[in-house]
Amino acid sequence: MSPTQRERVRDLLDHHGRTYADEAGITLRDKPAPLYQLLTLVTLFSVPISAGVAVAAARELFAAGWRTPEHLLGSTWQQRVDALGRGHYRRYDESTATALQESAEHLRAAWGGDLRRVRDDAAGDADGIQERIARFPRIGPTGAAIFCREVQQVWPSVRPFFDQRAVDGARDAGLPTDVGRLAALVHDDDLARFAAALVRREFT
């Protein structure tokens with residue numbers, strides 16, 4: 001890595017290297033509850049709405065106690081709408097309140113409430129994980145890419161994962177766009193933060 005690249009990477013990590021999961025108050029671990037919380041966050045991201053609003057809405061949902069599919073399914077539709085409203089998640093609050101219920105139901109029915117089964121069913125392959133996550137209500141390919149970008153923090157088999165937005169950010173920052181060369185710029189444990197930084201720099 002050239003001195004210039006080293007400086008750019010350090011600057012990106014220092015100023016933008018915070019994952020959306022961390023900002024939403026998710027202590028991401030390879031456990032069912034935090035992985036479900038990441039799925040919830042990704043569901044909120046999967047409409048044309050600002051990242052800040054999606055994160056704020058996620059924090060409201062978690063503050064209400066809906067950190068597992070069981071707890072979410074114990075809430076009413078109106079309670080979810082109200083929580084989303086407190087996070088200023090407008091226009092999509094009613095449809096998202098429904099999507100969150102459908103997502104929790106799908107997680108329980110298809111995967112026994114544990115997203116680690118998605119990873120295992122895909123043999124840890126990032127493409128296979130994306131395909132399965134994209135089948136959840138509301139999420140689709142873009143949301144599935146966000147999920148993999150963040151979950152690589154705790155699922156090493158997904159690494160290195162840079163979606164198109166991260167690669168575009170690397171190009172804009174004057175960094176390599178080849179995934180292997182890009183990944184070599186940081187330690188494996190920093191890949192999720194680095195990918196997030198490449199995306200988040202667009203908005204500053």
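**Reading a predicted structure: burial, core, pocket and backbone**

Reader: Is Phe162 buried or exposed?

Author: Phe162 is buried, with a relative accessible area of 8%. A residue counts as buried under 20% relative accessible area, so the value of 8% for Phe162 places it in that class. Please keep in mind that this is a predicted model.

Reader: Which aromatic residue pairs with Phe162?

Author: First, the general idea. A pair of aromatic rings is described by the distance of the centres and the angle of the planes. In this structure the count comes to 3 aromatic pairs. One of them joins Phe162 and Phe194, with 5.9 Å centre to centre and 85 degrees between the planes. Planes over 60 degrees apart count as edge-to-face, so this pair, at 85 degrees, is edge-to-face.

Reader: Why does the pair tie together parts that are apart in sequence?

Author: Phe162 lies in the loop between α10 and α11, while Phe194 belongs to helix α13 (residues 191–200), so the pair links parts that are 32 residues apart in sequence. Phe194 is buried as well, with a relative accessible area of 0%.

Reader: How many residues of α13 are buried?

Author: Helix α13 is mostly covered, with 9 of its 10 residues buried. Among them are Leu191, Phe194, Leu198, Val199 and Arg200.

Reader: Which residue lies 32 residues along the chain from Val199, and how are the two separated?

Author: That residue is Val167, and the C-alpha atoms of Val167 and Val199 are separated by 8.4 Å. Val167 lies in helix α11 and is buried, with a relative accessible area of 10%. When residues up to four places away in sequence are not counted, Val167 touches Phe162 and Thr177. Phe162 therefore appears twice in this account: as a contact of Val167 and as the ring partner of Phe194.

Reader: How many residues does the largest nonpolar core have, and which have the most contacts inside it?

Author: The largest nonpolar core has 70 residues. Ile133, Phe162, Leu175 and Phe194 have the most contacts inside it. Helix α3 (residues 32–45) supplies the largest share of this core, 8 residues.

Reader: Which residues does Leu175 touch?

Author: Residues up to four places away in sequence are again not counted. Leu175 touches Gln5, Arg8, Val9, Leu12, Ala170, Leu182, Leu185, Phe194 and Leu198. The last two also stand among the buried residues of α13.

Reader: Where is Phe147 placed, and which residues does it touch?

Author: Phe147 is in helix α10, and at 0% relative accessibility it counts as buried. Its contacts beyond four places in sequence are Leu35, Leu38, Leu39, Val42, Leu115, Ile129, Ile133 and Trp155. By contrast, the C-alpha atoms of Phe147 and Thr4, 143 residues apart along the chain, are separated by 30 Å.

Reader: What lines the largest pocket, and how much space lies in it?

Author: About 160 Å³ of space lies in the largest pocket. Its lining has 14 residues, and Phe45, Ile49, Ala51, Ile146 and Arg165 lie nearest its centre. Helix α10 (residues 140–151) gives the most to this lining, with 4 residues. By character, the lining divides into 8 nonpolar, 4 polar and 2 charged residues.

Reader: Which residues have a positive phi although they are not glycine?

Author: The general idea comes first. Most residues other than glycine have a negative phi, and most peptide bonds are trans. In this structure, Ala123 has a positive phi of about 55 degrees, and Arg138 has a positive phi of about 80 degrees. Ala123 lies in the loop between α8 and α9 and counts as exposed at 71% relative accessibility. Arg138 lies in the loop between α9 and α10 and is partly exposed, with a relative accessible area of 27%.

Reader: Which residue of helix α3 is in contact with Arg138?

Author: Thr43, found in helix α3, is in contact with Arg138. Leaving aside neighbours within four places in sequence, Thr43 is also in contact with Tyr89, Leu100, Ser103, Pro137 and Ile139. Thr43 is buried, with a relative accessible area of 1%.

Reader: Where is a cis peptide bond?

Author: A cis peptide bond joins Arg159 and Pro160, with omega about -10 degrees. Pro160 is found in the loop between α10 and α11, the loop that holds Phe162.

Notes:
Residues numbered from 1 in each chain as written. Predicted model: local features only at pLDDT ≥ 70, side-chain atom pairs only at ≥ 80, totals over all residues. Heavy atoms only, no water. Core = buried A, V, L, I, M, F, W, Y, C linked by side-chain atoms within 4.5 Å. Buried < 20%, exposed > 50% of the residue type's maximum accessible area, 1.4 Å probe, protein only. Contact = heavy atoms within 4.5 Å. 1 Å grid on protein atoms, 1.4 Å probe; cavity = no way out; pocket = protein on both sides within 12 Å on 5 of 7 lines; lining within 4 Å. Points joined across faces, edges and corners; volume = space filled by probe spheres on them. Nonpolar A, V, L, I, M, F, W, Y, C, P; charged D, E, K, R; others polar. Phe/Tyr/Trp six-rings, centres within 6.5 Å; stacked < 30°, edge-to-face > 60°.
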